[in-house]
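Q: I'm new to reading protein models, and I'd like a close look at one small part of this one. Could you start there and then show me how that part fits into the rest?

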Amino acid sequence: MSVDTPRSIVLLRHAKADWNDGSDHERPLADRGRTDAPVAGRKLSDSGIAFDLALCSTAARTRETWKLAVHELPVRPRTVYEERMYEASLGELIALVNETPDTVNNLLLIGHNPGMHALADALAGESEGDALPRMNRSGFPTSAFAVVTFNGSWKSVEHGVGRLVDFWTPHA
């Protein structure tokens, strides 16, 4: 792969979660989340991006979101459940992205806020249309996703390297 290889990173926030008496890590999806997750999957499918790898937080709500969304994709990407994504800071998320092998062209992260919003905002040195203002105005709600493109190696991903080409939310 050349250093000019075009790549996409898609950041999907988990669907709406329910509150329970257990730990935050084990919170399941709410009814609305179980409705919105497949819709997000269909929108991801409509994007035409063929994901090579999905990194999913180990939290119950992210695993359940992914289970419902992935069935809508034409091809299921290799999935890694990554403990470090739960409660990850912006720096920790960038470090995870930097570990991605260069054989991966399109990466999907299924995670949490504030991390998903912070990462999309940090990577977006440029934006198409009103994608960035819409993302920042909405606050990156549950089931929303951002699509950031860039050229180069995953090791080169840092602040401002990408272009925010799309932002979608189920309840606009």
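Which residue is it that counts as buried at 1% relative accessibility? Please begin with that one.

A: That's Ser143, and keep in mind that we're looking at a predicted model. Ser143 has a relative accessibility of 1%, and the cut-off for buried is under 20%, so Ser143 counts as buried. You'll find Ser143 in the loop between α5 and β6. There's something odd about its backbone, too: Ser143 isn't a glycine, yet its phi is positive, at about 70°. Here's the background: most residues other than glycine have a negative phi, and most peptide bonds are trans.

Now hop over to Glu87, which also has a positive phi, about 60°, without being a glycine. Glu87 sits in the loop between β3 (78-82) and α3. This time the cover is missing: the relative accessible area of Glu87 is 62%, and exposed means over 50%, so Glu87 is exposed.

The other backbone oddity is a peptide bond. Going from Asn113 to Pro114, the bond is cis, with omega near 10°. Pro114 belongs to the loop between β4 and α4. Follow the chain onward and you reach helix α4, residues 115-123, where 7 of the 9 residues are buried, leaving the helix mostly covered. Those buried residues are Gly115, Met116, His117, Leu119, Ala120, Ala122 and Leu123.

Let's zoom out to the interior. In soluble globular proteins, nonpolar side chains tend to be buried together. Here, the largest nonpolar core has 29 residues, and the members touching the most other members are Ile9, Leu107, Leu109 and Phe140. The elements giving two or more residues to this core include α4 and α5 (131-138), along with β1 (6-13), β4 (106-111) and β6 (145-151). There's also a second, separate core of 17 residues, with Leu44, Phe51, Cys56 and Val147 among them.

Leu107 is a nice one to click on. Leaving out residues up to four places away in sequence, Leu107 touches Ser8, Ile9, Val10, Phe51, Leu53, Leu55, Val97, Thr100 and Trp154. Across the protein, 76% of the contacts with a separation of 6 or more are between residues 24 or more positions apart.

For a contrast, try Glu26, in the loop between β1 and α1 (31-46). Its relative accessibility is 41%, so Glu26 counts as partly exposed, the class between the under 20% of buried and the over 50% of exposed. Once residues up to four places away in sequence are set aside, Glu26 touches Asn20, Ala60 and Arg63. From Glu26 to Val148 there are 122 residues in sequence and 29 Å in space, C-alpha to C-alpha.

Now for the whole picture. The protein has 5 helices and 7 strands, and along the sequence they run β-α-β-α-β-α-β-α-β-α-β-β. Its radius of gyration is 15 Å, close to the 16 Å that the globule rule gives for 172 residues, so the protein is as compact as a globular protein of that length. The C-alpha atoms fill a box of roughly 50 × 30 × 30 Å along the principal axes. Buried residues make up 49% of the 172 residues, Ser143 being one of the buried ones. On the outside, the accessible surface is about 7900 Å², with 50% of that belonging to carbon and sulfur atoms. As for charge, there are 18 positive and 23 negative side chains, and the centres of the two sets are 4 Å apart.

Notes
Residues are numbered from 1 along each chain as its sequence is written. This is a predicted model: local features need pLDDT of at least 70, side-chain atom pairs count only at pLDDT 80 or more; totals for chains, interfaces and linings use all residues. Side-chain values use heavy atoms; hydrogens and water are left out. Helices (H or I, at least four residues) and strands (E, at least two) are DSSP runs, numbered from the N terminus. The radius of gyration is taken over C-alpha atoms; the globule rule is 2.2 Å times the number of residues to the power 0.38. Buried means under 20% relative accessible area, exposed over 50%, partly exposed in between (1.4 Å probe, protein chains only). Contact means heavy atoms within 4.5 Å. Accessible areas come from the Shrake-Rupley method with a 1.4 Å probe; for residues, only the protein chains shown count as cover. Lys and Arg count as positive and Asp and Glu as negative; His and the chain ends are not counted. The place of a charge is taken as NZ of Lys, CZ of Arg, CG of Asp or CD of Glu. A nonpolar core is a set of buried Ala, Val, Leu, Ile, Met, Phe, Trp, Tyr and Cys residues joined through side-chain atoms within 4.5 Å.
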